[in-house]
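Dear colleague,

I am passing on to you the structure that follows, together with some notes on what was found in it. Please read the notes with the structure open beside them.

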Amino acid sequence: VFDLATAAVEGALAAGAAYADARAVHTRTEVVEAQNGRVQQLDRAESVGVGVRALIGSSWGFHAVGDPSDADARRAGETAAAIARASAHVPGDPLRLADVPVEEADYETAHTEDPFSVPLAEKVDMLIGVTTAMLETDGVAIGRASIGFWDTNKWFVSSQGHRIHQHIVESGGGMDATAIGEQETQRRSHPQAFGQFETGGYEVVRRWDFPGNAARLAEEAVALLGADECPEMETSLVLEGSQLALQTHESVGHAIELDRILGWEAAFAGTSHLELPKLGEHRYGSELMNVTADATLPGALGTFGYDDEGTPAQRVDIVDHGRWVGVLSGRDSAALAGLPPGGMVRCDGYGRLPMVRMTNVGLLPGPNSFEEIISETKHGIYMATNRSWSIDDRRLNFQFGCEIAWEIADGKLGRMLKNPTYTGITPQFWAQLDLLAGEDEWVHWGTPNCGKGQPMQVAHTGHSASPARFAEVRVGVKG
Amino acid sequence: MKPLDIAVRLVDMVGDRAEAEATVVSGHSALTRFANSFIHQNVGEDHLGVTLRVAQGGRVATRTTNLAGAGALAALAEDAIEIAGLQPVDESWPGLAPPAPAPEVDHYDAATAVVDPESRADAVAAFVAAGDGMRGAGYCETSGAETAFANSAGQRLSGRATRATIDGIHQLPGSAGSAHATSQRFGDVDGAAAGALAADRARRGADPVDIDPGEYEIVVAPEAVATIAVFLAVYGFNGKQVAEGQSFVEPGACQFDPAISIVDDATDPSSLGVPFDVEGTPAARVELVRQGTTVGAVHDRRTAAEAGTVSTGHASPLSATWGPVAADLIVAGGDTDPADLIAGVERGLYVATFNYCRILDPKSQVVTGLTRNGTFLIEGGEITSAVTNLRFTQSFVEALAPGRVLAAGADQRYADSEFGPGLVRAPSLRLAGWNFTGGASG
């Protein structure tokens, strides 16, 4: 398959590209979803194709073709170069690429149990079983569960000599119970909203124990209908790990993308409140805030051997004791900013242009435990599991809703609260981080649905987090 | 092979071993993207998508591929049959669509299907030039595709469609203005006009002031109305969500102001896409709201069977799990000049677009989001200053409730919701109140 990528690169070079690279990609996916004891989706998909990127002057040209012959791949390279050349109608400064090691390599994510070899009947039985079990609780209207698997082989070739094969296996799933009231719906999800996905095999699904959580979800969803509303006030806010992972994704992960900082995403995803001259000095949060972008974490969803430019995976410090020290970058953006390339450029299959994406952008564990956090909180709210998320185009003004909350009074969890929301401004919020749980409660949460780019691309990213407390946060925003 | 030939061949390969339906989409899309006033990303793709769904006595499975060789198609059919056989019987399997002709509409422009990258670059150049030195960013996209459907009940359909879009912003320090145009024809997409509107909004947005959160009367431009319409469609006028009790929709109830009428119509001559769905059901014009009264929802074959009605032709690859969604929405315009919408406001806000909207509860339709690329203070019927972006938390249904829509503009057009182009035609609206819950500083 390297030959297809090589032909594409040769086609681009012959057509005048100063640099070219290509990815031949074979992807298999399987998704099974059940609702109320019925399988409502069983999809298996497969795709094969080549995407080739050609650099001429200030612009990338990119062309993709499915199921190609060598000749098709070569023509795709020629077309990519022609597209890049057309960009000269509206030119910018010539684009340079930061130097990276030129490697020939083979890499595979760790996985124990091939998810595609697990009998379909076993998967279906599990999903039907848990969705049926959720319905056994009076008041539950919808019990839903799904699992999904990706098996991706990528062959990367560049005009500088890269030849890298990677085999990435990703697995996971999720389940939720919904109770419906007169004018509201209440939902509880496990392991997190939209499911938990990791690099790994079917062992990921087994580890999260769907059957063991069915009754709890159902009971909590029904109980929420009768719970008190989360009051509107400023108070100590304790976040469960998966919600803090999404908070990190939205208010740190996207803000540190160098393409956003450089204005390349201004019209769609937006820009960033961060300014490069302040790198190394800007105060992002409290002393407890340490964030890394680590594509080498075993099992995390944003883990790989090489990014889609052939740059080796690495761990990069992003926030060091509250100080902003790093960005997410690729070869072109790093060269423009005068920074080392971070190996964070990825694409969604063969048909999309590689762009800066999060790897595993996570908050490192702290010195406390969840138990300590609760016991040391006199008044506050504990919120768990995301339900809504919104943040502005500079990644400053955010508002999140969670599925469930509990009041904290005198160091103890008290009454359940529904419709909890909280809002804030990114650096002010992170400056209020004052208690952070440790490694024992640190989980590599996965986000399988991160959208960015035009045409839209969906990335799989990881965000390690443990529960944490933030002081004086505005909660209970009402519509 | 032509897409219809592939679809028919797949159905034949399944033969009498199962019910089968195949959808094949083949086409080309290209997108020229610019930022900091130059083209930085420029892409094209030749794509083929083949989807086969089989049902063996109610045991249902779907297989998808982009491989169309004879061997690959045969393997696809065999695998689909095999995995379907491992499924439990779905007692509510609604069966295949019977043969029926699709509406005779052709949303296709041959010139748009073959637009070259130089022409897209020229449109971008015109957009950028209209900014007169401001920083421009956005994209110009063209696409064309042929879609074919075949099933073992004898249904055969084929259609084609094109789309062209230019969308972008111009930026000054502290402000940005946006503009958008979408059509079946690239020739209708005027980069210079879009660039001029974006530049005007950016200039007028300079030096914005902070205002206190609270409830304000607002005039919302077509882009913001389009976002409202998408939320109503995705979470509300969705046959599955209605059946599950998660939707606000109550057919026959006066849930909206009499100024609000909404239809979904893939058969309209100016619509985009092909006039049939992935189950082979011809698309129908569906009334969703008639002068404030909720009429109904859209259906695929499953939700239609459960509701005791017929499919409206709104099945999609996502409808099995999420439910059918209206994607050719037309929000009725009024007869008020857009400038007069503003002139009627004593004190309020003008909002060009909403950004990053997310629903808190589908039943109440409470949504949070922000304003972006053009927020202005209206005083005494005139725009008096630009305003920094605001966060809102607002029920979209309540915002359009009886008595809450003060006027509808005569400026209905394709508007870009934050969920992509080509989904909604909408006018500007003047609304009695909108609940802003946070300013730029929280």
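The count of cavities of 30 Å³ or more comes to five, where a cavity is a set of points, on a 1 Å grid over the protein atoms alone, at which a 1.4 Å probe fits but cannot get out. The second largest cavity holds about 90 Å³ of space, a volume being the space filled by probe spheres set on the points, with grid points joined across faces, edges and corners. Among its lining residues (those with an atom within 4 Å of a point) are A:Arg53, A:Trp60, A:Asp259 and B:Gln41. By class, this lining has seven nonpolar, one polar and four charged residues, where Ala, Val, Leu, Ile, Met, Phe, Trp, Tyr, Cys and Pro count as nonpolar, Asp, Glu, Lys and Arg as charged, and the others, Gly among them, as polar.

Please bear in mind that this is a predicted model, in which local features need pLDDT of at least 70 and side-chain atom pairs count only at pLDDT 80 or more, while totals for chains, interfaces and linings use all residues. Residues are numbered from 1 along each chain as its sequence is written, chains are lettered from A and ligands numbered from 1 in the order in which they are written, and side-chain values use heavy atoms, with hydrogens and water left out.

Turning to the pockets (open sets with protein on both sides within 12 Å along at least five of seven lines), the largest holds about 930 Å³ of space. Of the 34 residues that line the largest pocket, A:Thr271, A:Asp393, A:Arg394, B:Gly174 and B:Ser175 are the closest to its centre. Strand 13 of chain B gives the largest share of this lining, four residues, strands here being DSSP runs (E, at least two residues) and helices likewise (H or I, at least four), numbered from the N terminus. The lining of the largest pocket comprises 14 nonpolar, 13 polar and seven charged residues.

The second largest pocket, with about 290 Å³ of space, is lined by 19 residues, and A:Glu229, A:Asn419, B:Leu360, B:Asp361 and B:Val366 lie nearest its centre. Strand 18 of chain A gives the most to this lining, with three residues, and the lining as a whole divides into five nonpolar, eight polar and six charged residues.

With kind regards
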